[in-house]
Amino acid sequence: MSDHTYKKIELVGSSSKGIEQAVNNAVEKASKSVRNMRWFEVAEVRGQIEDDKVAHWQVTVKIGFTLDG
């Protein structure tokens with residue numbers, strides 16, 4: 001395994017379908033502009049309640065990626 005230097009960014013993904021989809025939405029969006037993504041961690045989960053039911057999820061995700069060169 002090579003030595004790497006990593007950088008982390010923090011994003012908030014959202015979804016009405018659930019936590020996993022909110023994470024997937026954040027990772028998919030980040031992949032359009034961030035190269036070499038390697039891992040993620042969920043830092044925070046929150047949601048919106050409507051009519052006494054969970055209506056929407058928001059997940060704060062930290063994504064780690066390797067720096068070029």
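These legends describe close-up views of a predicted model.

**View 1. The largest nonpolar core.**
Seven residues make up the largest nonpolar core: Ala-22, Val-23, Ala-26, Ala-30, Val-59, Val-61 and Ile-63. Two elements, α1 (19–30) and β3 (53–66), each supply at least two of its residues. The greatest contribution comes from α1, with four residues. Ala-30 is one of the core residues. Beyond its neighbours within four places in sequence, Ala-30 is in contact with Leu-11, Met-37 and Ile-63. Of these partners, Ile-63 also belongs to the core.

**View 2. Helix α1 and its buried face.**
The 12 residues of α1 should span 16 Å at 1.5 Å a residue, and the end C-alpha atoms lie 17 Å apart, which agrees. Buried positions in α1 are Ala-22, Val-23, Ala-26 and Ala-30. Seen down the helix axis, the buried residues of α1 fall within an arc of 100 degrees, so they line one face. An α-helix has 3.6 residues a turn, so residues three or four places apart point the same way. The cover over the buried residues of α1 includes β1 (6–15), β2 (37–50) and β3.

**View 3. Thr-66 in strand β3.**
Thr-66 sits in strand β3. Its relative accessibility is 5%, below the 20% limit, so Thr-66 counts as buried. Leaving out residues up to four places away in sequence, Thr-66 touches His-4, Thr-5 and Tyr-6, and also Arg-35, Asn-36 and Arg-38. Two of these partners, Arg-35 and Asn-36, appear again in later views.

**View 4. Val-42 in strand β2.**
Strand β2 holds Val-42. At 40% relative accessibility, Val-42 is partly exposed. Apart from neighbours within four places in sequence, its contacts are Val-23, Val-59 and Thr-60. Val-23 and Val-59 are both members of the largest nonpolar core. Ser-2 is 40 residues from Val-42 in sequence, and the two C-alpha atoms are 26 Å apart in space.

**View 5. The Lys-8 to Glu-41 salt bridge.**
The structure holds three salt bridges. One of them joins Lys-8 and Glu-41, with the closest N and O atoms 3.8 Å apart. This pair links distant parts of the chain: Lys-8 is in strand β1 and Glu-41 in strand β2, 33 residues apart. Lys-8 is partly exposed, at 44% relative accessibility. Glu-41 is also partly exposed, with a relative accessible area of 32%.

**View 6. The Arg-35 to Asp-68 salt bridge.**
Arg-35 and Asp-68 form a salt bridge whose closest N and O atoms are 2.2 Å apart. Arg-35 lies in the loop between α1 and β2, and Asp-68 in the segment after β3, so the pair ties together parts 33 residues apart in sequence. At 56% relative accessibility, Arg-35 counts as exposed. Arg-35 is also one of the residues that touch Thr-66.

**View 7. Arg-46, Glu-44 and Gln-58.**
Arg-46 and Glu-44 meet through their side chains in a salt bridge, 2.6 Å from N to O. Arg-46 is partly exposed, at 32% relative accessibility. Glu-44 is partly exposed too, with a relative accessible area of 41%. Gln-58 is in contact with both of these residues. Neighbours within four places in sequence aside, the other contacts of Gln-58 are Val-12, Gly-13, Ser-14 and Val-45. Gln-58 belongs to strand β3. It is partly exposed, with a relative accessible area of 33%. The C-alpha atoms of Gln-58 and Val-34 are separated by 21 Å, with the two residues 24 apart along the chain.

**View 8. Two loop residues with positive phi.**
Asn-36 is not a glycine, yet has a positive phi of about 65 degrees. Asn-36 is placed in the loop between α1 and β2. Its relative accessible area is 27%, so Asn-36 is partly exposed. Asn-36 is among the residues that touch Thr-66. Asp-51, likewise not a glycine, has a positive phi of about 50 degrees. Asp-51 is found in the loop between β2 and β3. At 73% relative accessibility, Asp-51 counts as exposed.

Methods
Residues numbered from 1 in each chain as written. Predicted model: local features only at pLDDT ≥ 70, side-chain atom pairs only at ≥ 80, totals over all residues. Heavy atoms only, no water. Core = buried A, V, L, I, M, F, W, Y, C linked by side-chain atoms within 4.5 Å. Buried < 20%, exposed > 50% of the residue type's maximum accessible area, 1.4 Å probe, protein only. Contact = heavy atoms within 4.5 Å. Expected span 1.5 Å × (residues − 1). Arc of directions from axis to C-beta. Salt bridge = Lys/Arg side-chain N within 4 Å of Asp/Glu carboxyl O.
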